[in-house]
Amino acid sequence: MATVTVPQPAITPAIPGRNDSSDSSRSSQTSTEKVKLSSPLRTSSALSSKHGSSHGSHSTVDRSVQPKRWKTFLKAFKHIHNLTPKEVDDFMASYEIYNLDWANEEEMVKAFGPNYQQRVGDCLRAYYSVLNHLCSLGDVEKMYIPPLMDKKASVLDNQLLYEESIARDIGLKPGMKVLDLGCGRGRVAAHMTSFSGAQVIGLNIDANQIAQAKEWNERCGFNNEFVVHDQNDLPLPFADGYFDAFYEIQALSLCKDPSATFKEIYRVLKPGAKFSLLDWVSLPPYNPEDPVHAGLMRRVKPLIGAVGTPTPAGFEKALMDAGFTVTKSDNPSIGGLQAPLIDKVDIYFRSVRRVIHGLVRLRALPPHFKILIDRLCLDGQAFVQMDNMRLITTTYRIIAEKPSV
């Protein structure tokens with residue numbers, strides 16, 4: 001089995017309260033501020049007193065390795081402007097996979113033939129090669145809407161707050177190696193390293209995102225490593241007991257077989273290593289026989305990029321069958337609702353859509369801009385509705401541990 005050999009990180013972790021503006025290894029594109037939020041962070045078992053979080057005190061988030069938003073916007077805008085007709089067509093066609101479900105193999109074979117997994121992989125590459133740039137027009141460059149950790153904080157700061165809670169939950173420290181499944185552009189990885197000092201090895205199916213992840217982390221002065229790999233292509237390309245910890249954020253909606261994947265993650269983790277999952281699930285109130293529920297689900301799955309339809313109980317069983325001990329299983333959002341942040345994102349992108357429509361009418365932008373933004377904005381309110389009805393969430397959290405020998 002091939003292994004990825006990564007040298008130990010020669011960095012100093014940036015923890016809240018420390019001013020890293022003097023770190024010359026960082027690009028001028030990074031913001032070096034540690035931002036104090038306008039309201040106290042709520043007390044949660046996910047947020048320990050390590051790094052200074054405490055009940056009743058103002059929380060801080062590490063923004064030292066966050067890219068400048070306007071630069072990210074312009075870069076994404078230029079990339080979308082220059083897309084070829086084939087890239088646009090492949091992106092739009094990729095949505096066909098979201099009308100199906102991994103659980104119904106017969107329908108998969110009927111739609112795509114016996115090699116349906118390869119077809120799904122091709123669709124996912126086409127999907128994410130464009131989606132990551134569309135999301136970068138707003139505050140979801142990381143391609144996930146986070147749990148609601150602080151009602152007065154922005155979407156971006158809620159992302160940072162949750163990522164820092166992951167680092168605490170899985171006990172990240174300098175010198176540790178952590179696996180990031182579905183690492184995207186490597187922005188979460190950079191934050192994890194800045195915050196904890198741990199070294200991140202990220203996997204992603206999209207070569208474009210991996211290239212961006214490498215570029216950004218090198219600019220930040222980190223020796224994190226990123227590998228192009230389909231999570232459904234098992235075994236994973238790592239030796240037994242290679243990692244000290246694992247996390248994933250909304251990547252398992254694309255996972256064909258969570259049981260097999262969790263067994264592989266168990267294999268590549270050291271004894272005593274901790275595991276963090278944040279992902280989309282259908283919740284007990286969801287009834288697939290209810291036509292309203294089923295209709296909403298058909299609209300929302302393409303929006304969130306979900307092929308499977310997992311449940312909390314299904315994830316827990318798959319983890320325990322793999323050998324893990326589940327230590328936490330909950331929804332970390334305040335009040336169990338993510339909807340306020342979903343609504344913020346939806347309102348922003350609908351505003352962007354209106355501007356793009358106007359520019360396309362004036363022929364200042366190519367017509368494919370309208371096609372893409374319309375697809376991105378479709379059914380945002382259905383997502384809000386399902387969250388408010390507590391039928392689904394994309395922020396279900398499970399913390400688990402591989403038993404020590």
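These notebook entries record what I looked up in a predicted model.

**Entry 1. Enclosed spaces**

I began with the cavities and asked how many of 30 Å³ or more the model holds. The count came to two. I noted a volume of about 880 Å³ for the largest cavity. Its lining is made of 50 residues, and those closest to the centre of the cavity are L131, M143, Y144, Q250 and I304.

I then asked which helix gives the most to this lining. It is α4, which covers residues 116–135 and supplies five residues. Sorting the lining of the largest cavity by class, I recorded 29 nonpolar, 12 polar and nine charged residues.

I turned next to the second largest cavity, whose volume is about 70 Å³. I listed its lining as Q66, P67, R69, D139, E141, K142, L156, Q159 and R187. Two elements, β4 (66–67) and α5 (155–169), each supply at least two residues of this lining. By class I found two nonpolar, two polar and five charged residues around the second largest cavity.

**Entry 2. Open pockets**

I moved on to the pockets. The largest pocket holds about 340 Å³ of space. I counted 16 lining residues for the largest pocket, and W102, A103, K256, P258 and T309 are the closest to its centre. Helices α8 (258–268) and α10 (312–322) are the elements that give two or more residues to this lining. Of these, α10 provides the largest share, three residues. I divided the lining of the largest pocket into eight nonpolar, five polar and three charged residues.

For the second largest pocket I wrote down a volume of about 210 Å³. Its lining consists of Y98, N99, L100, D101, Y286, A294, M297, R298, K301 and T309. I divided these into five nonpolar, two polar and three charged residues. I marked T309 in my notes, as this residue lines the second largest pocket and is also among the residues closest to the centre of the largest pocket.

**Entry 3. Cysteines**

I searched for disulfides, taking a pair of cysteine sulfur atoms within 2.5 Å as the test. The count came to zero. I then asked whether C135 is buried or exposed. C135 counts as buried because its relative accessibility is 9%, and the cut-off for buried is under 20%. C255 is buried as well, with a relative accessible area of 4%.

**Entry 4. V326 and its surroundings**

I located V326 in strand β10, which runs over residues 325–330. I asked which residues V326 is in contact with, leaving aside its neighbours within four places in sequence. They are E316, L319, M320, I398, I399 and A400. One of these, A400, lies 74 residues away from V326 along the chain, yet the C-alpha atoms of the two are separated by 4.2 Å. As for accessibility, V326 has a relative accessible area of 25% and is therefore partly exposed, since this class lies between the 20% and 50% cut-offs.

**Entry 5. Backbone angles that I looked up**

I opened this entry with a general point: most residues other than glycine have a negative phi, and most peptide bonds are trans. I then looked for departures from this pattern.

Where is there a cis peptide bond? I found one from L234 to P235, with omega near 5°. P235 sits in the loop between β7 (225–228) and β8 (243–249).

I also looked up two arginines with positive phi. R363 has a phi near 65° and is placed in the loop between α11 (339–361) and α12 (368–377). Its relative accessibility is 77%, so R363 counts as exposed, the cut-off being over 50%.

R390 has a positive phi of about 60°, although it is not a glycine. I placed R390 in the loop between α13 (380–388) and β11 (392–401). Is R390 exposed or partly exposed? At 38% relative accessibility, R390 counts as partly exposed.

Key:
Residues are numbered from 1 along each chain as its sequence is written. This is a predicted model: local features need pLDDT of at least 70, side-chain atom pairs count only at pLDDT 80 or more; totals for chains, interfaces and linings use all residues. Side-chain values use heavy atoms; hydrogens and water are left out. On a 1 Å grid over the protein atoms alone, a cavity is a set of points where a 1.4 Å probe fits but cannot get out, and a pocket is an open set with protein on both sides within 12 Å along at least five of seven lines; lining residues have an atom within 4 Å of a point. Grid points are joined across faces, edges and corners, and a volume is the space filled by probe spheres set on the points. Helices (H or I, at least four residues) and strands (E, at least two) are DSSP runs, numbered from the N terminus. Ala, Val, Leu, Ile, Met, Phe, Trp, Tyr, Cys and Pro count as nonpolar, Asp, Glu, Lys and Arg as charged, and the others, Gly among them, as polar. Buried means under 20% relative accessible area, exposed over 50%, partly exposed in between (1.4 Å probe, protein chains only). Contact means heavy atoms within 4.5 Å.
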